[in-house]
Amino acid sequence: MIELENVTMTYPGGMTALKDVNINIEKGEFVFIVGSSGSGKTTLFKLLLKELNPTSGKIRVAGYDYSTIKKNAIPKVRRRIGVVFQNFRLLKDRTIYENVAFAQRVIQTPARFIRRRVPAMLTLVGLAEKYKSYPKELSGGEQQRVAMARALVNNPDIILADEPTGNLDPKNSIDIMNLLDDINKRGTTVVVVTHNKEIVNDMKKRVITLKKGVIISDEKQGGYIDED
């Protein structure tokens with residue numbers, strides 16, 4: 001489902017963010033990517049979204065080889081990836097329903113399908129009754145649930161979550177991670193970039209640890225490694 005083969009990423013200024021990284025994530029896995037600031041987590045996230053191209057090595061995601069894919073095919077790849085960000089990235093002037101529907105309208109989904117799919121996703125994340133609300137009327141945890149509904153609405157093969165609990169209190173953080181776990185159990189591959197030590201240790205999922213651009217640990221039921 002996701003494969004990185006000898007991937008190195010060096011920025012124009014000469015800073016190398018990733019060095020000869022090899023990762024293989026199978027369909028249906030739940031994986032944490034962890035590491036301190038400057039470890040290469042953000043660069044890896046951007047590479048998986050093809051926002052960056054590696055200096056060397058190969059990346060394959062959802063059956064697409066990023067080194068040979070044509071530019072006009074990149075949107076097709078991204079439709080197979082649902083993305084959840086730390087700061088939610090909701091449209092403040094649109095209702096919750098419209099925020100989720102927007103992801104379908106972008107890919108020109110027929111209105112009749114949107115009318116069925118959006119309520120189903122809001123029900124899944126526990127916000128069916130708030131479909132007319134605006135983001136400012138919701139708590140941080142609820143806003144992140146909307147972001148997850150938006151990420152799921154196009155039925156992606158993969159969910160990439162970048163610090164999804166970074167702006168949430170402990171209770172909401174646990175709720176969001178439980179929701180991601182439920183989504184994973186339905187068959188969706190989930191990759192979470194995080195620095196939340198407690199959640200990583202509690203969930204006992206596969207943990208890949210980066211340090212200065214190098215993988216220092218890859219454990220099937222791992223924990224958060226303190227580098228100090």
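Helices and strands are here runs of DSSP states, H or I over at least four residues for a helix and E over at least two for a strand, numbered from the N terminus. The exercises below concern a predicted model.

**Exercise 1. Determine which elements and residues form the lining of the largest pocket, and how the lining divides by class.**

Step 1. The largest pocket holds about 620 Å³ of space. Its lining comprises 21 residues, and those closest to the centre are Arg78, Ile81, Val83, Ala103 and Asn154.

Step 2. Assign the lining to elements. At least two lining residues come from each of helix H2 (74-79), strand S6 (81-84), helix H3 (96-105) and helix H5 (140-152).

Step 3. Sort by class. The lining of the largest pocket contains 13 nonpolar residues, five charged residues and three polar residues.

**Exercise 2. Carry out the corresponding analysis for the second largest pocket.**

Step 1. The volume of the second largest pocket is about 160 Å³. Among its 14 lining residues, Thr165, Pro170, Ser173, Asn196 and Ile199 lie nearest the centre.

Step 2. Two or more lining residues are given by helix H6 (170-185) and by helix H7 (197-203).

Step 3. The classes of this lining are six polar, four nonpolar and four charged residues.

**Exercise 3. Establish why helix H1 is described as largely enclosed by the rest of the structure.**

Step 1. A residue is buried when its relative accessible area is under 20%.

Step 2. In H1, the residues that satisfy this criterion are Lys41, Thr43, Leu44, Phe45, Leu47 and Leu48.

Step 3. Helix H1 spans residues 41-48, and six of its eight residues are buried, so the helix is largely enclosed by the rest of the structure.

Step 4. Continue along the chain. Just after H1, Lys50 adopts a positive phi of about 55 degrees.

**Exercise 4. For Ala62 and Asn155, give the phi value and the location, and decide whether each is buried or exposed.**

Step 1. As background, most residues other than glycine have a negative phi.

Step 2. Ala62, which is not a glycine, has a positive phi of about 50 degrees. Ala62 is placed in the loop between strand S4 (56-61) and strand S5 (64-65).

Step 3. The relative accessibility of Ala62 is 7%, so Ala62 counts as buried.

Step 4. Asn155, also a residue other than glycine, has a positive phi near 55 degrees. The loop between H5 and strand S7 (158-162) contains Asn155.

Step 5. The cut-off for an exposed residue is over 50%. With a relative accessible area of 58%, Asn155 is therefore exposed.

Definitions and conventions. Residues numbered from 1 in each chain as written. Predicted model: local features only at pLDDT ≥ 70, side-chain atom pairs only at ≥ 80, totals over all residues. Heavy atoms only, no water. Buried < 20%, exposed > 50% of the residue type's maximum accessible area, 1.4 Å probe, protein only. 1 Å grid on protein atoms, 1.4 Å probe; cavity = no way out; pocket = protein on both sides within 12 Å on 5 of 7 lines; lining within 4 Å. Points joined across faces, edges and corners; volume = space filled by probe spheres on them. Nonpolar A, V, L, I, M, F, W, Y, C, P; charged D, E, K, R; others polar.
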